[in-house]
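Trainee: Please show me how to read this model, feature by feature. Keep it brisk.

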Amino acid sequence: MAHAVWSGALSFGLVTLPVQMFAATESHTIRFNQLQRGTSDRVRNRRVNERTGEEVPLTEIVKGYDLGDDYVVVEPGELEDIAPGRSKALEISGFVDLDTIDPIYFDKTYYLGPKSKEYAKVYALLREALHRSHRAGLATLVMRNREYLVAVKAEGDILTLHTLHWADEIRDPRAEVGTLRERTEVAERELATAVQLVEALSADWDPESYHDTYQEKVLDLVRAKQAGSTVEKSEPAPRSTNVIDLMGALQASIDKAKGKAAPETERKVRPPTPIKEAARKRARAGELEELTKNELYRRAADAGVPGRSHMTRDELVEALKRAS
């Protein structure tokens, strides 16, 4: 069993549930040691006084806040005195619709488990309530002398905790990306073709089908150098698309995605006929019956169906049929 990174009491309303928190992910990044070229000697970093060049022991190091021309010195113990400390409380202040949390706010993911089996019923109650309502509980958590904004949500048969960025940590995209224009006009014909390309390249989300190919190439390089051989260099980066040839690039991409070159007569993007549109609606209605409640809820959110968070699965199906 993994080591819990935090333990405490999760509370919502007057209900309290002792929980433990475990890391949900791990990194498989290949790490290298630093060596001096031509030797097997490790190179290590030292804490050195930049004025004297002498190494400074860890016990002699304090923190300094830079004022520009001077420092405000802060002792480690002073930070501990003002920090909330190792809080054991995880109090949910409210429940929000999952779809209202922008993905940019999500940071790290942890698993939440009950402290012991005797709390399994309370744990299951909260998990099922979050699953059925499609909501996440918002709370703050103190861990390692730092306060986090977190969201607790249901993932299958377990509760997960996601640390969130604070609002003032999210950068303004227009301040960071200087090449963005205030408004860029897009030709309808190009947009329709781009949508067609997106549809042609649509796929089901299957995380198992993706893997870290760069790490594999790094291992291949290590093995090749160990064996005294070489590896092939990767392909150069693709050239940027000329905006003048944008339509041609879009159409060629669609043809490639379909696995064949479309005849010239079929290259125009035409709106569906009323008969075809009716057939598509019937197909979508039949498809809805096969979806899970979470999938139905996401479609209802995309369609702006009111009151969706309180609907049963059958009600979601009927509401989506009406919306379409």
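Mentor: Start with one pair: Leu10 stands opposite Leu90 in E5. This is a predicted model, in which local features need pLDDT of at least 70, side-chain atom pairs count only at pLDDT 80 or more, and totals for chains, interfaces and linings use all residues. Residues are numbered from 1 along each chain as its sequence is written, and side-chain values use heavy atoms, leaving out hydrogens and water.

Trainee: Which strands does that pair belong to, and do they run parallel or antiparallel?

Mentor: First the labels. Strands (E, at least two residues) and helices (H or I, at least four) are DSSP runs, numbered from the N terminus. Two strands pair if DSSP finds at least two bridges between them. Here E1 (residues 6-12) and E5 (residues 89-97) run parallel, joined by three bridges.

Trainee: How many bridges join E5 to E7?

Mentor: Five, and these two strands run antiparallel. E7 covers residues 135-143. One partnership to find on screen is Asp97 with Arg135 in E7.

Trainee: What should I expect of side chains along a strand?

Mentor: In a regular strand they alternate between the two faces of the sheet. Now follow another set of strands here. E2 and E6 pair in the antiparallel sense over five bridges. Phe22 stands opposite Tyr111 in E6. E6 also pairs with E9 (residues 158-164), again antiparallel, over five bridges. There, Leu112 stands opposite Leu159 in E9.

Trainee: Which residue takes a positive phi in the hairpin of E3 and E4?

Mentor: Gly68, with phi near 105°. The hairpin has four residues between its strands. E3 and E4 (residues 71-74) run antiparallel, with four bridges. Lys63 has Val74 in E4 as its bridge partner.

Trainee: And where does His134 sit?

Mentor: General idea first: most residues other than glycine have a negative phi. His134 has a positive phi, near 55°. It lies in the loop between helix H2 (120-133) and E7. His134 counts as buried, because its relative accessibility is 7%. The cut-offs: buried is under 20% relative accessible area, exposed is over 50%, and partly exposed is in between (1.4 Å probe, protein chains only).

Trainee: Is Leu98 buried or exposed?

Mentor: Buried, at 18%. Leu98 lies in the loop between E5 and E6 (106-114). Compare sequence and space: Leu98 and Ala136 are 38 residues apart in sequence, but 5.8 Å apart C-alpha to C-alpha.

Trainee: Next, charges. How many salt bridges does a search of the whole structure find?

Mentor: Seven. In general, side chains of opposite charge can pair when their charged atoms come close. The test is a side-chain nitrogen of Lys or Arg within 4 Å of a carboxyl oxygen of Asp or Glu. Lys153 and Glu155 pass, with the closest N and O atoms 2.3 Å apart. Lys153 is buried at 13%, whereas Glu155 is partly exposed at 34%. Arg46 and Glu55 also form a salt bridge, at 3.2 Å between the closest N and O atoms. Arg46 is exposed, at 54%.

Trainee: Why are Arg223 and Asp220 about one helical turn apart?

Mentor: Because they are three residues apart in helix H5 (residues 213-226). Their side chains meet in a salt bridge, 3.4 Å from N to O. Asp220 is partly exposed, at 40%.

Trainee: Which residues gather in a patch of negative charge?

Mentor: Rules first. Patches take residues with over 30% relative accessible area and no salt bridge; like charges are joined within 9 Å, and nonpolar side chains (Val, Leu, Ile, Met, Phe, Trp, Tyr) within 5 Å. Asp and Glu count as negative, Lys and Arg as positive; His and the chain ends are not counted. A charge is placed at NZ of Lys, CZ of Arg, CG of Asp or CD of Glu. The negative patch holds Glu75, Glu78, Glu80 and Asp81. Glu80 lies in helix H1 (residues 76-82) and is exposed, at 54%.

Trainee: What forms the nonpolar patch?

Mentor: Val62, Tyr71 and Val73, with about 290 Å² of accessible area together. Such areas come from the Shrake-Rupley method with a 1.4 Å probe; for residues, only the protein chains shown count as cover. Val62 is in the loop between E2 (15-23) and E3 (63-66). Val62 is partly exposed, at 37%.
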